[in-house]
Amino acid sequence: MAASIQRIGIIICRTFPVILQRNIQTQRIRDWKITAPVLRLNFRALSSSSSSSSSADVTESPEVLSRYSDRPWEYSESEEYTERYGSKPVWSNYRRNHKGGVPPQKTRKTCIRGDKICGNPCPICRDPNIIVHYKNVNLLQQFISPQTGIVYDSTRTGVCMKQQKLLNKAIETARDCGKLTLVFIVIKDYSNTHGAVSATPAPSSLRSGELWYPWYGSIKPDERELARVKRIYKDFLKPHV
């Protein structure tokens with residue numbers, strides 16, 4: 001009798017959580033059916049408001065772009081530029097947004113696709129007033145090494161591939177027009193300037209029986225070590241005549 005009661009208790013303990021879980025699932029389905037129409041209405045209202053705000057931004061963006069579209073080099077001399085960037089390059093405070101601790105070998109192809117802008121645009125795409133132009137010398141000099149004259153790689157500046165191509169083309173055009181000066185590197189041979197690294201002197205003429213190193217004749221071998229070596233190689237040593 002006691003064993004049967006124990007079995008009944010085990011069966012009840014096993015079946016009760018399953019029944020309780022089914023009741024919870026059915027209750028969640030009922031709640032979702034009730035709240036789904038309300039969520040759909042809220043989503044439609046939010047989408048309509050976002051579309052209206054985006055259309056307003058689109059209408060405002062041409063006004064912002066038209067400020068320096070004709071003369072883009074004036075933006076780097078304005079107070080707005082100094083307040084935002086100061087004396088640093090436009091890419092100095094930019095950090096790439098990538099997955100993992102190791103950055104990828106290439107940046108993204110472009111930050112703007114049609115009307116959509118990515119979440120973390122590059123230093124040039126994030127500011128609509130920055131326009132790549134061969135006359136915008138102050139901007140182009142920020143992407144050139146002052147020591148070597150080589151254009152910085154996009155993995156260092158964080159610029160997208162599209163803007164990097166425009167930068168390379170604008171820098172080449174500015175150099176052809178004389179806007180940017182070329183850096184000439186003078187390479188000198190400093191290998192023989194120090195006394196310790198001077199040229200090797202010519203070897204002196206040696207006489208017969210004279211050693212190449214004068215200190216070699218002052219070395220005297222250990223008698224015990226010499227006797228041990230002779231004992232090992234006695235079959236190969238020629239007797240003195």
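# Burial, contacts and charge pairs

Colleague: Is Trp 91 buried or exposed, and at what relative accessible area?

Modeller: In this predicted model, residues count as buried under 20% relative accessible area, exposed over 50% and partly exposed in between, using a 1.4 Å probe with protein chains only. Trp 91 falls in the buried class because its relative accessible area is 14%.

Colleague: Which conventions should I keep in mind when reading such values?

Modeller: Residues are numbered from 1 along each chain as its sequence is written, and side-chain values use heavy atoms, with hydrogens and water left out. Since the model is predicted, local features need pLDDT of at least 70 and side-chain atom pairs count only at pLDDT 80 or more, whereas totals for chains, interfaces and linings use all residues.

Colleague: Where does Trp 91 sit, and which backbone oxygen lies 2.9 Å from a polar atom of its side chain?

Modeller: Trp 91 is placed in the loop between H2 and E1, where helices (H or I, at least four residues) and strands (E, at least two) are DSSP runs numbered from the N terminus. Its contacts (heavy atoms within 4.5 Å) include Pro 123, Phe 143 and Tyr 152, leaving aside residues up to four places away in sequence. Among the polar contacts (N or O atoms within 3.5 Å, one able to donate a hydrogen and the other to accept it, with residues adjacent in sequence counted only if both atoms are side-chain atoms), the partner found at 2.9 Å is the backbone oxygen of Gln 142.

Colleague: How far is the C-alpha atom of Trp 91 from that of Pro 123?

Modeller: These two residues are 32 apart along the chain, and Pro 123 is also one of the residues that Trp 91 touches. The separation of their C-alpha atoms comes to 5.5 Å.

Colleague: How many disulfides does the chain have?

Modeller: A disulfide is a pair of cysteine sulfur atoms within 2.5 Å. The sulfur of Cys 118 has its closest cysteine sulfur in Cys 111 at 4.2 Å, so that pair is too far apart for a bond. The count by this rule is 0.

Colleague: Which residue forms a salt bridge with Asp 127?

Modeller: A salt bridge is taken as a side-chain nitrogen of Lys or Arg within 4 Å of a carboxyl oxygen of Asp or Glu, and here the closest N and O atoms are 3.3 Å apart. The pair links distant parts of the chain, 43 residues apart, with Asp 127 in the loop between strand E2 (116–117) and helix H3 (137–141) and its partner in helix H2. Asp 127 is buried at a relative accessible area of 1%, whereas the partner, partly exposed at 45%, is Arg 84.

Colleague: Which residue forms a salt bridge with Glu 225?

Modeller: Both residues of this pair lie in helix H6, 3 residues apart, about one turn of the helix. Glu 225 is partly exposed at 39% relative accessibility, and its partner is also partly exposed, at 38%. With the closest N and O atoms 2.5 Å apart, that partner is Arg 228.

Colleague: Is Tyr 216 buried or exposed?

Modeller: Tyr 216 lies in the loop between helix H5 (161–177) and helix H6 (223–232). With a relative accessible area of 51%, Tyr 216 therefore counts as exposed.
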